[in-house]
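Dear colleague,

I am handing over the structure that you will be working with, and below it you will find an account of what turned up when I went through it. Please keep the structure open beside the text as you read.

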Amino acid sequence: MSLLSVTPAEGIEVTEGDLAAIAEKYGYQFKDNEKAEYTTLLAATCNAMQFVSEMDDYQPEPNFELTPRENICLPGKTENPDNAWAYRFHLSHKSPSSTLLKGKTLCIKDNICIAGVPCLVGTETFTDWTPKTDATIVTRILSTGGIITGKAVCENLSTSAASFTAATGPISNPYAKGYSAGGSSSGTANLVAKGEVDLGIGADQGGSIRIPASLCGLVGFKATSGLVPYTGCVSNEATIDYVGPITKTVMDNALLLEIIAGVDGLDDRQRAGTPFPDQVPKYSQLLLETKDAGVKGMRIGILKEGLSSKILDKGVETKFRAAAAVFMELGAVVEEVNVPMHEIAPAIFGAMSRQGGAVGRAGKASGRRQVMLTDLYGKMLPCTADTIEKMSTVSKNAFFAGDYCWERFPQVYAKAVNLSRKLSEAYDAALKSYDVLIMPTTITPADPLPTPTDSPIAKMSKTIGKLDNTCPFNATGHPALAFPIGFVDAKEEGVRVPASMQIVGRNWDEIGCLKVAFAWENARGWKEF
């Protein structure tokens, strides 16, 4: 029997009641014998659906012989005092094709697939997902001699900018116990900052690389949309998904970026202009070659709207303006520039993120040509009351908001996607006059972690001031790099936490962002600034 037919296959059972339940959602009433006929057609549609559901899945499989996963274990509390490790193991390539990362240890955010290693994604809504595939970036790290020593905890379903939502427990700021390390790549930032690994990988769907980097005194880079393949990483919403490096220095960041960047032939986020791996600029070499020139003659625009919020912390603003003045000392032209749309950019991002994320987490993302993590959907779905109960406050809010907004504002997601292009053009216009734009990465410093008994609003408030300057560039796709510029006062007297500057460049001009940060880093020691 044809799988595309008007006759149901043997064993396919669909009742008139099943069809009526669908029609009732829309208030539709069937006429005459329509219900029986459409029930038959619905059952026939299920022929192909049932056939595909019973097929073996098709995901890239790693070479376990060359890249054995060894000593996989849950870390004990004594070796994991900040709850930053999700799983520990040893993973390296027996015969790497290059030695660019030889001897370097790395942690990988725990929403990124490593076959054979359990993946928690910061949640307890499911607890037994072990991916079957390696993310492309994992394969590239291993092929260059990197040693992956574990998965770093990420926030609950990768949906929080503060480090209190992971099911494995809150993660402290490495510079201030009891303060947020940022999110959602909280574990990666904590481990890199403490020196437990040399390098780290985070993922960014609103600032989740740059926010932890900002709060933990690190360099975090969300590159141009599509430069780094997202293949094998858990998605919230494909239009805003990014993965990238979190490191202690700009040079380390440049090196790791050049290793993981480039087309992989699997991720359809990689748009026109994305280089193939052998065409990716040698960012680390270019930094060395241009070190003497630095930023001399460059035009750097201070984004006024990046400093216009009423909740901008005065200490952050003062530190940022002092750091920006360093560029003038180094020979750059530094001026203020206006991009009025920046102030409403979080709303555009929010519509894309809330509505797109709701569809993605429900397993309903469509229109994509990429590696789909079907085994994950098998664990996540269906969503039940018990599932929701196990979500964090931030994840519950995202779930309820996303579902409600599709019903209340069904046309807004599409409009937000269109408006993101208008927003992108607004930044592009400013970048015609300036090589880069700069602003504080986070406009408020790290907050104290909430208590378990705090109300949902009190917990959500811990994310305020963290995404304002980061999320716009997830929507537009521009490269955005965060780097540390000193310490500022936290809310408690005597507590000092890192501050950060964000550099935003033209599409595909990663080297421009890196050069600006590298020049500042070489001119000043951030911890003493």
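A salt bridge here is a side-chain nitrogen of Lys or Arg within 4 Å of a carboxyl oxygen of Asp or Glu. Side chains of opposite charge can pair when their charged atoms come close. Please bear in mind that this is a predicted model, in which 19 salt bridges are found.

Let me take three of these pairs in turn. In the pair of Lys194 and Asp82, the closest N and O atoms are 3.0 Å apart. This pair links distant parts of the chain, since Lys194 belongs to helix α4 (residues 186-194) while Asp82 sits in the loop between β1 (69-73) and β2 (85-91), 112 residues apart. Lys194 counts as partly exposed because its relative accessibility is 33%, whereas Asp82, with a relative accessible area of 9%, is buried.

Glu336 and Arg321 also meet through their side chains in a salt bridge, at 3.3 Å from N to O. Glu336 lies in strand β11 (residues 333-337) and Arg321 in helix α8 (residues 314-329), so this salt bridge ties together parts that are 15 residues apart in sequence. Glu336 is partly exposed at a relative accessible area of 39%, and Arg321 is partly exposed at 34%.

The third pair is Arg506 and Asp435, whose side chains meet at 3.9 Å, N to O. Here, too, distant parts of the chain are linked, with Arg506 in the loop between β14 (496-505) and α16 (510-523) and Asp435 in the loop between α13 (412-431) and β12 (436-440), 71 residues apart. Both residues count as partly exposed, Arg506 at 31% relative accessibility and Asp435 at 23%. Beyond single pairs, salt bridges that share partners join Asp82, Lys177, Lys194 and Glu196 into one network.

Turning to the nonpolar interior, which residues of the largest nonpolar core touch the most other members? They are Phe327, Ile438 and Phe483, in a core of 101 residues, to which α16 gives the most, with eight residues. If neighbours within four places in sequence are left aside, Phe483 is in contact with several residues, among them Leu218, Phe327, Met501 and Trp520. A second, separate core has 24 residues, including Val339 and Cys471.

The largest pocket has a volume of about 590 Å³. Its lining is made of 28 residues, of which Thr159, Phe349, Ser353, Arg354 and Leu467 lie nearest the centre of the pocket. The largest share of that lining, seven residues, comes from α9, and by class the lining has eleven nonpolar, 14 polar and three charged residues.

Finally, some details of the backbone deserve a look. The peptide bond from Gly183 to Ser184 is cis, with omega near 10 degrees, and Ser184 lies in the loop between β6 (176-180) and α4. Leu381 and Pro382 are likewise joined by a cis peptide bond, with omega about -5 degrees. Asn83, in the loop between β1 and β2, has a phi near 60 degrees, a positive value in a residue other than glycine, and this residue is buried, with a relative accessible area of 13%. Val121 has a positive phi as well, near 50 degrees, and counts as buried because its relative accessibility is 2%.

With kind regards

Conventions:
Residues are numbered from 1 along each chain as its sequence is written. This is a predicted model: local features need pLDDT of at least 70, side-chain atom pairs count only at pLDDT 80 or more; totals for chains, interfaces and linings use all residues. Side-chain values use heavy atoms; hydrogens and water are left out. On a 1 Å grid over the protein atoms alone, a cavity is a set of points where a 1.4 Å probe fits but cannot get out, and a pocket is an open set with protein on both sides within 12 Å along at least five of seven lines; lining residues have an atom within 4 Å of a point. Grid points are joined across faces, edges and corners, and a volume is the space filled by probe spheres set on the points. Helices (H or I, at least four residues) and strands (E, at least two) are DSSP runs, numbered from the N terminus. Ala, Val, Leu, Ile, Met, Phe, Trp, Tyr, Cys and Pro count as nonpolar, Asp, Glu, Lys and Arg as charged, and the others, Gly among them, as polar. Buried means under 20% relative accessible area, exposed over 50%, partly exposed in between (1.4 Å probe, protein chains only). A nonpolar core is a set of buried Ala, Val, Leu, Ile, Met, Phe, Trp, Tyr and Cys residues joined through side-chain atoms within 4.5 Å. Contact means heavy atoms within 4.5 Å.
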